[in-house]
Amino acid sequence: MSDLDDIRLDGLLATSARRHPSRPALTARGRTWTYAELDRAVDGLARQLRSAGLETGDRVGVLAPKGPEAVLGIYAALRAGAVVAPLDVADPPVRTAHMVRGAGISLLLASDRSLEGCRRAAAEAGAGPEPDEGALDHGLHRIRTLAPADRPAPLPAPTDRGGYVLFTSGSTGRPKGVLLSHANVAHFALWAAAELGLTETDRVGSQAALTFDLTTFDLFSTAAAGACAVLMPDVLRAFPRDVVGWLHDQRITAFYAVPSLYQGMLERGGIAQDFPASLRVAAFAGEPFAPRPLERYLHLLGDVPFYNLYGPTETNVCTYSRVPAGWTADQEITIGRAVDGVVVVDVLGEDGLPTDGTGEIHVAGATVFQGYLQDGTLTDPTRTVRFRDGVARRAYATGDIGRITADGRVFLRGRGDTQVKRRGHRIDLLDVESAVLALPRVTAAAVVAKDGAHHGEIWAYVQGGGEGGAAAEQSSEDITEEITEDILAGLRGLLPLRMLPDRVVLAAALPVNARGKVDRRALAARTD
Amino acid sequence: MNTVEDLCTLISSKITWGRGEEPQQLRPDTPLLEQGLLDSLSIMQIVAALDARAGIVLPDAEIVAANFRSPQALWSVLEDIRAGAAR
């Protein structure tokens, strides 16, 4: 136990409000809150939530576009003692409802703009025709999804007093809720604030969705340092040119994003011609950075530190490396060493023993999550593993394949399962496949990540799916197009845009390998 | 690509519509970004389709949120580009 184990995420905000009451804490939609103002607003909202019946350990979903309401809702629910799950307004209501039911969420918070969508998701989750609903301060609304008598019992300690849930793509077609304790996130947030040297004069640019683990840095490292979190409007995320303009306009000093966005800013955003002079530190995570663009960035950044952070949502960031200024594209890139004093990282071979060769990356320590919330239950996938120092620890097997050098640097070698990264988003191919198989008339399907010319794309090979009674005058080409469009339309109702397959291919039969299983490798290599 | 309606059709073909959503409901003033209809991939597909089907090359500096907030906003940019090319 360290003295950090009692730390609360909303406490980071309260501490900075005492230390720097008049410093800016949050800038969003043209308005700035000081630490004192933000903390007072959070206090008031937390009181409103308690008087509306929220009890310690209840699970609350925050379904609001990225903006002040979402941040206030998250902090207020944390302060009220809830386990808080940020949710994405762009997700189909069916998927949101899976999360609500699966994580035992009894209350949803919405902004004016997301209220309608929130009602749809609540209805889809079985909240009943007229759920208990009410307006809160600062443009927030609450909708009850479970009657007080029906809400689940609090989770085991330490999350009986609140926590944080981030949903990721699971292999069963239902999103998995990654349950983190206050301390799991706080250990990361404090380490990152210190390592990146954040101070109260920093302006931290927050570009990712609040459902993405990158934003725990934006919110909580920023609060720990007394810096200002500057929220980028959601609509700019798809426009690298706008992101560059926003970095300039908002005089961002610290920025954390996925390589896809950095590359977009380089290729289409004009960042090389007009580099934001205010930037003092930058970091990336979520997927490997292509070597050439990375080398370009190191030139552009000059003395500005550029960090490579690695870690699945389940462990927060667990290894890091400051990319050396002289690094060139012909060198291998490391995800760095374990975060000192917080986690221990090792690579284990198929025999379950530490190996100097290639194996699965295992993580143990203060930032490792509590377990998955799925189908209403908490499952802890960690197990006790003996690391190479002889100490047995509660460890999470990441599914990432890599090797570790004698001096502790880790090099990634891909995945051992069906999880892929596309444009920085973590997608389990089986999650997409489950959605395809849930469509009427689909009899078989295989969803694969393509090799070769279509590398990085996700294709769905589908058997069946047709209406059966296509009009006689239609050409087979027209019918094929109609069926694939119908499949995509069906998927649109089940999956977020970021998870849709790039292409749907109708197949009379799926190829099988010698063991009689669908030959995914053959499908991945096929050019059609 | 003679009218803003043609542009609506082109944009509509690059959106993955859900069941029960009517693609033809796209109107010149539909708030594309606010309604979350476009993502980075569909935006690049629209840019590519404008080039392939209408020979209009949208410069990088014009691929910004303000120009994609509605079909009408994008149509105004296309008209400006064509007027510039005709001059």
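Begin by selecting helix α6 of chain A in this predicted model, and colour A:His182, A:Ala183, A:Asn184, A:Val185, A:Ala186, A:His187, A:Phe188, A:Ala189, A:Trp191, A:Ala192 and A:Ala193, which are the buried residues of α6(A). The helix is mostly covered, with 11 of its 14 residues buried, and it runs over residues 182–195, reaching 20 Å from its first C-alpha to its last, close to the 20 Å expected at 1.5 Å a residue.

Which elements do the buried residues of α6(A) pack against? Show α1 (9–19), β8 (163–168), β9 (176–181) and α7 (215–225) of chain A, since these are the elements that pack against them. Then step just past the end of α6(A) to A:Gly197, where the phi angle is positive, at about 65°.

Next, keep A:Ala189 selected and add A:Val62, A:Leu63, A:Ala77, A:Val84, A:Val165 and A:Val343, because these residues have the most contacts inside the largest nonpolar core, which has 154 residues. This core takes at least three residues from each of domain 1 (3–8 + 24–184) and domain 2 (337–417) of chain A. In soluble globular proteins, nonpolar side chains tend to be buried together.

Now centre on A:Val343 and, leaving aside neighbours within four places in sequence, look for its contacts with A:Thr315, A:Cys318, A:Ala338, A:Val363, A:Ala364, A:Gly365, A:Ala366 and A:Thr367. Apart from the largest core lies another, of 24 residues, including A:Ala435, A:Val436, A:Val447 and A:Leu495.

Finally, display both chains and turn to their contact, which takes 15 residues from chain B and 17 residues from chain A. On the side of chain B that touches chain A, you will find 8 nonpolar, 4 polar and 3 charged residues.

Notes
Residues numbered from 1 in each chain as written. Chains lettered and ligands numbered in written order. Predicted model: local features only at pLDDT ≥ 70, side-chain atom pairs only at ≥ 80, totals over all residues. Helix = DSSP H or I, 4+ residues; strand = E, 2+ residues; numbered from the N terminus. Expected span 1.5 Å × (residues − 1). Buried ≥ 20, exposed ≤ 12 C-beta atoms within 10 Å, placed from the backbone. Contact = placed C-beta atoms within 7 Å. Nonpolar A, V, L, I, M, F, W, Y, C, P; charged D, E, K, R; others polar. Core = buried A, V, L, I, M, F, W, Y, C linked by C-beta atoms within 7 Å. Domains from an automatic or database assignment.
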